[in-house]
Amino acid sequence: MQSRNLGPFEVSAIGLGCMNCSMGYGAADDEKSIRLLHQALDAGYRLLDTAALYGDGHNESLIGLALKDHRNEYVLSSKCGLVKNEQGESISNGRPESLKQQCEDSLKRLQTDVIDLYYLHRMDRKVPIEESVGALGDLVSQGKIRAIGLSEVSTATLRRAHAEQPITALQSEYSLWSRTPECGILHACEELGVTFVAFSPLG
């Protein structure tokens, strides 16, 4: 498989989005999912993408269980900032203290000491982006994450965040029928030296 640079990391040009192993498109099967994760590494995938929200932590726990003995073989990305409320609805929570606790919980589920690339899953409009990425910067300083990412933010938000803390990657939907990143975010990423990561590239 071809490789690409993603900030300080060298990754496979195609990453594996792991959400479907826990939610989204039918019932999950842990046994099949564990086989899939091992086969992905064997096939040359070196970027695995998960999130605390996927299966309410199940996806991170699955990766931790399946790949704890292969941690040095891939770049691990996960996401924080989306949580479930008491009604079971997904809501944004970008408060610094919450993001730091979410990271601690993810590290335990993933059975690792560090997350390579940690995205703010969605911006919390009640919290200035500077405060949220400032908390992620603290996690970098503490050695709990290696790099900061953002998911589905505007060009203006990216610029504000990058002025506060170096942003390594921006993740957004981009495919033949989802072209929104062409309206400015791709140019901003190029200008700032932020890697653009396309999710759902096949729709």
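Two strands count as paired if DSSP finds at least two bridges between them. With that rule in hand, let us work through this predicted model.

**Exercise 1. The sheet**

Task: Give the strand order of the open sheet of seven strands, and find which strands stand at the edges.

Solution.
- Step 1: Following the pairings across the sheet gives the order 3-4-5-8-9-10-11, and the pairing is parallel.
- Step 2: Strand 3 (16-17) and strand 11 each have a single partner strand, so one side of each lacks a neighbour in the sheet, and these two are the edges.
- Step 3: Now look at the edge pair formed by strand 3 and strand 4 (residues 47-49), which are joined in the parallel sense by two bridges. Leucine 16 has leucine 48 of strand 4 as its bridge partner.
- Step 4: Helix 4 (residues 129-141) packs on the sheet, where it touches strand 5 (75-80), strand 8 (115-120) and strand 9 (145-151). The direction of helix 4 makes about 160° with that of strand 9.
- Step 5: Further along, strand 9 and strand 10 run parallel and share three bridges; glycine 149 is partnered with alanine 169 in strand 10. Strand 10 is mostly covered, with four of its five residues buried.

**Exercise 2. A residue in strand 5**

Task: Decide whether leucine 76 is buried or exposed, then list what surrounds it.

Solution.
- Step 1: Locate leucine 76 in strand 5.
- Step 2: The relative accessibility of leucine 76 is 1%. Buried means under 20%, so leucine 76 counts as buried.
- Step 3: Set aside the neighbours within four places in sequence; leucine 76 then contacts Leu48, Thr50, Arg71, Leu110, Thr112, Val114, Ile115, Asp116 and Leu117.
- Step 4: For a C-alpha distance, take leucine 76 and tyrosine 118: they are 42 residues apart along the chain, and their C-alpha atoms are separated by 8.5 Å.

**Exercise 3. The two sides of helix 6**

Task: Work out how the buried residues of helix 6 are arranged around its axis.

Solution.
- Step 1: Recall that an α-helix has 3.6 residues a turn, so residues three or four places apart point the same way.
- Step 2: In helix 6 (residues 185-192), the buried residues are Ile185, Ala188 and Cys189. Viewed down the helix axis, they fall within an arc of 100°, so they line one face of helix 6.
- Step 3: These buried residues pack against helix 5 (155-164), strand 10 (169-173) and strand 11 (195-199).
- Step 4: Turn to the face away from the buried side, and you meet the exposed residues His187 and Glu190.
- Step 5: Just after helix 6, glycine 193 has a positive phi of about 75°.

**Exercise 4. Rings and their partners**

Task: Classify the ring pair of tyrosine 174 and phenylalanine 196.

Solution.
- Step 1: The count of aromatic pairs comes to one. Its ring centres, in tyrosine 174 and phenylalanine 196, are 5.8 Å apart and the planes stand at 90°, so the pair is edge-to-face.
- Step 2: The pair links distant parts of the chain, 22 residues apart: tyrosine 174 is in the loop between strand 10 and helix 6, and phenylalanine 196 is in strand 11.
- Step 3: A ring can also face a charge: arginine 71 lies over the face of tyrosine 74, at 5.3 Å from the ring centre.

**Exercise 5. The hairpin**

Task: Describe the pairing of strand 1 and strand 2.

Solution.
- Step 1: Strand 1 (residues 3-6) and strand 2 (residues 9-12) are antiparallel and pair over four bridges.
- Step 2: Arginine 4 has valine 11 in strand 2 as its bridge partner.
- Step 3: Two residues lie between the strands of this hairpin, where glycine 7 takes a positive phi near 60°.

Terms used. Residues are numbered from 1 along each chain as its sequence is written. This is a predicted model: local features need pLDDT of at least 70, side-chain atom pairs count only at pLDDT 80 or more; totals for chains, interfaces and linings use all residues. Side-chain values use heavy atoms; hydrogens and water are left out. Buried means under 20% relative accessible area, exposed over 50%, partly exposed in between (1.4 Å probe, protein chains only). The arc is that of the directions from the helix axis to the C-beta atoms. Contact means heavy atoms within 4.5 Å. Rings of Phe, Tyr and Trp (its six-membered ring) pair if their centres lie within 6.5 Å; planes under 30 degrees apart count as stacked, over 60 as edge-to-face and the rest as tilted. A charge sits over a ring if NZ of Lys or CZ of Arg is within 6 Å of the ring centre and within 35 degrees of the ring normal. Axes are lines fitted to C-alpha atoms, for helices over the stretch in contact, and angles run from 0 to 180 degrees between N-to-C directions.
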